[in-house]
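Colleague: I would like a close look at a single part of this model, taken slowly enough that I can follow it on the screen. Please begin once the sequence and structure are in view.

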Amino acid sequence: MENVGALALLLAFCISLYAIVASVAGRLGNKPFLTLSGERAVLAVWLLISTAAGILIYSLMTGDMRMAYVASHTNRAMPKFYKFAAWWGGQEGSLLFWSWILSTYGAVVVLTGRGKHRMLMPWVVAILSSVQIFFLTLNAFVVSPFQVLALDRVVTSVPDGMGLNPLLQYWAMVIHPPMLYLGYVGFAVPFAFAMASLISKAPGDSWIHTTRRWTIVTWLFQGTGIMLGSAWAYHVLGWGGYWMWDPVENASLLPWLAATAFLHSVMMQEKKGMMKVWNMVLIAATFFLCIYGTFLTRSGIISSVHAFAESPIGKYFVGFLAIGIAATVWLILDRLDYLKSEAELESVVSRESSFLFNNLILLASCFAVLWGTMFPVLSEKFSTEKISLDAVWFNRLMVPIGLFLLFLTGVGPLFAWRRTSMESLRKNFQWPGIGMLVVVAALYAGGMRYPYSIISLGLCFFVLATIFMEFFRGSRAINEKTNVGLIPAMIELTHRNTRRYGGYLVHMGMVLMFIGWSGHPFNQTAIGEVNKGDTMRVGSYLLKVADLTQGETSDYQWDTAILEVSKNGKSLGILEPTRRFYKIAQQGTAEVALRTRLNEDLYINYAARVGDKATLQAYVFPLVTWIWVGVVVLIGGTFVCLVPSKVARSYPRTEVVGIAKTNAPVKV
Amino acid sequence: MLRLKFSFLFLILSATIWAQSEAQIESDEVKRVGTHINCQCGACTENVNCMMSAGQCHFCKPARTQIFKMQREGMSDAQIVQAFIAEYGEKIFRHDPNSYFWVVPYISLGVGAIAILLILRRVRGHHPPLKPAVAGGPPVDDDPTLARYRDAIEKDTAKLD
């Protein structure tokens, strides 16, 4: 059966090549049957890669231990759930997963775009198929998931496999990689439309309108994937970290930051016809950062708990990136005449200039993360000095930039397009500004002495106040007009302009996450060896070791500490941190015990046991729950953005005399 | 020096015993020290940032437990790092990043800010005449009834202050 899978990948490779040739020849030769044939080739590629993926999944689920991939990433005792997740648990399988998602996206683009975008679609198909060919090259010729175990050229099998890394056997880790991949791969679609628009010299912003929802959904997948990884780290690694600026974490953040900049600056193009070149650059940067992130994770040039083992695929990625970036740069430079701005900035204090600063900060964050990630590599290359670069250094670099971004989050949306009057500034910012100063003074008077936390919480208040004022003013107007309650009026207001008010909700989610991050300097830690019956203290909590129990399943041995928790003399119940030792992988994992509240989390890791003595690591993490609340609000806000507005709007371009008419002639 | 070596040997032995109990010691404090120590497992020679703080190999995991134990003995970060250097030589030490780590991102930020300020400076005192393409300013509603409704709300909103 593995031969069928390998054959399906080879066929998919050949048909992808055909899709490119047919689409390009059909478009250039004006032969619709060829372009249609190219689109159908995309569907055929999806069918073939699905067949290959189906065979791999079947082999994983049935435990076909003849196959090297199955033997390396599953064992017979693993639950079915994790056997399925082993599809993306290793290098070969996850690259096939990449290919499968890309082919699925390609099929969706072809099916939903039928009859539309006749000028763009052949180029879109050609570009998506080019990316597909790159990944199919890896799947079919470099790191095939269908290799079998052999001894003296005779196919053999092992009695049982190695199993999936126990650290990855956690629900969030099952969803986290697919979410990230859906994000990574999804940016190929707006990139393909953007490049198709350039190649075909298509006028206007049709590529942006076509891919707006696609970009938002992809951005959502990427963001959700990142935060699921964060949740996994917090709950599984046993020390309560949720972001360590690990190279692989950074690799996922880079395209997300670039895409966030794109989602903002694209509004300038939609509403004002400005920043056309910049938007092309941003979407291309987003896509290539996705490929770069995949390269970082898989090439082995940097070390990470998340990275795959070293493999020979790095040079293929470098080649693909070099060719892709060179072609994109040439294309953008060649089409500069078609990307001229239709308007000019009219005022320093305007929504437009706030978008410029927003883009600057987001891109600066992106560059700083990229710089920090590659710094040890560059440093060793040029000075031979090994560099230690951990979260502390990244935080010092990134926190000031993040705070400025938070400030812009509050200020930017309240500036008017074109010009903002002083009266408007006073109206919008007076009370939030005063409130922010009061909060900062109150925090300082209350004994808080961490400047970044004070500034962050003050800014959080400021941004939340501006958002609430926006909702309140609009909904009160509806309330007075229609006599409905404030809440229904607020829903009505949001429904009228989902993009604007959904955007505010997304900002609110970010603010809540900043509140969570602001609590970090106040973390409390206690590590102790505690005898059964004895107690230890962390913060205001008292932990009494009531019992130590142990047992085993077919997959692992477990140890549980039963702890009676109390706070200020009041019993809070029992917590049961557990540690597991997986027999086949010979690896231990922590199943931490967590008491979650909005003000703080009590987090306990059962680190070790010697006789009747337990080693406990106990932490109090203030405000951390707000991070997860913020994620939920951010996801909700993004969904609101995707709902069509009740009031259909079109935005007339404010044309600056003498500018719009200088646009290059349109050739189709 | 000899005393330091003996105490280090003692710590290694006790750490080995500790490691056999499969402790899962992962904390900010341990990682803080671990970032200054290079992995010595030999399997990640191609890897330029294989720090002991993150590695999952046969060197890193016991070494983290060892650091944890040393911290419990009251040793400072510098003493722990010195103990590792005494055992493995200077090659094990990882330096803090130099000033380029700071300077380059902030210079790029500054260059970007200057570029924006130059663009904005051009704007000051230069307000080209505006010619609305369809209608000026606010968005246009496709439905005239809804447009009237929206206008009424905007008038009400303007009176709020």
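Colleague: Which elements pack against the buried residues of α7(A), and what can be said about the surroundings of that helix?

Modeller: Please keep in mind throughout that this is a predicted model. Helix α7 of chain A covers residues 171-186, and at 1.5 Å a residue its 16 residues should span 22 Å; the C-alpha atoms at its ends are 23 Å apart, so the helix agrees with that expectation. Its buried residues are A:Met173, A:Val174, A:His176, A:Pro177, A:Met179, A:Leu180, A:Tyr181, A:Gly183, A:Tyr184, A:Val185 and A:Gly186. These residues pack against six elements of chain A, namely α4 (80-85), α5 (91-112), α8 (188-199), α9 (206-236), α10 (247-272) and α11 (276-299).

The domain assignment helps to place this helix, since it gives domain 1 of chain A as residues 1-169 and domain 2 as 178-343 together with 350-412, followed by domain 3 (421-519 + 625-642) and domain 4 (522-622). The centres of domain 1 and domain 2 of chain A, taken over C-alpha atoms, are separated by 25 Å, and 22 residues of domain 1 are in contact with 26 residues of domain 2. On the side of domain 1 that touches domain 2, α5 and α6 (121-142) of chain A each supply at least two residues, and α6(A) gives the most, with 9 residues. By class, that side of domain 1 has 19 nonpolar and 3 polar residues, with no charged residues.

Of the partners of α7(A), α5(A) deserves a further step, as it also packs with helix α2 (residues 32-62) of chain A, at an angle of about 150° and with the two axes 9 Å apart. The crossing in which α2(A) passes α5(A) is left-handed. From α2(A), the residues that take part are A:Glu39, A:Val42, A:Leu43, A:Val45, A:Trp46, A:Ile49, A:Ser50, A:Ala52, A:Ala53 and A:Leu56, and they meet A:Gly93, A:Leu96, A:Ser99, A:Trp100, A:Ser103, A:Thr104, A:Gly106, A:Ala107 and A:Val110 in α5(A). Sorted by class, this contact has 12 nonpolar, 6 polar and 1 charged residues.

Another partner of α7(A), helix α8 (188-199), can be followed outward through A:Leu331, a residue of helix α12 (residues 314-334) of chain A. Leaving aside neighbours within four places in sequence, A:Leu331 is in contact with A:Met195, A:Leu198 and A:Ile199. A:Leu331 has 15 other C-beta atoms within 10 Å and is therefore partly exposed, because a residue counts as buried at 20 or more and as exposed at 12 or fewer. Its C-alpha atom and that of A:Ser347, 16 residues apart along the chain, are separated by 32 Å.

For contrast, you may look at A:Glu552, in strand β5 (residues 541-552) of chain A. With 12 C-beta neighbours inside 10 Å, A:Glu552 counts as exposed, and beyond four places in sequence A:Glu552 is in contact with A:Gln557 and A:Trp558. The C-alpha atoms of A:Glu552 and A:Arg580, which are 28 residues apart along the chain, are separated by 8.9 Å.

Conventions: Residues numbered from 1 in each chain as written. Chains lettered and ligands numbered in written order. Predicted model: local features only at pLDDT ≥ 70, side-chain atom pairs only at ≥ 80, totals over all residues. Helix = DSSP H or I, 4+ residues; strand = E, 2+ residues; numbered from the N terminus. Expected span 1.5 Å × (residues − 1). Contact = placed C-beta atoms within 7 Å. Axes fitted to C-alpha atoms, helices over the stretch in contact; angles between N-to-C directions. Left-handed = near helix turned anticlockwise from the far one by under 90°. Nonpolar A, V, L, I, M, F, W, Y, C, P; charged D, E, K, R; others polar. Domains from an automatic or database assignment.
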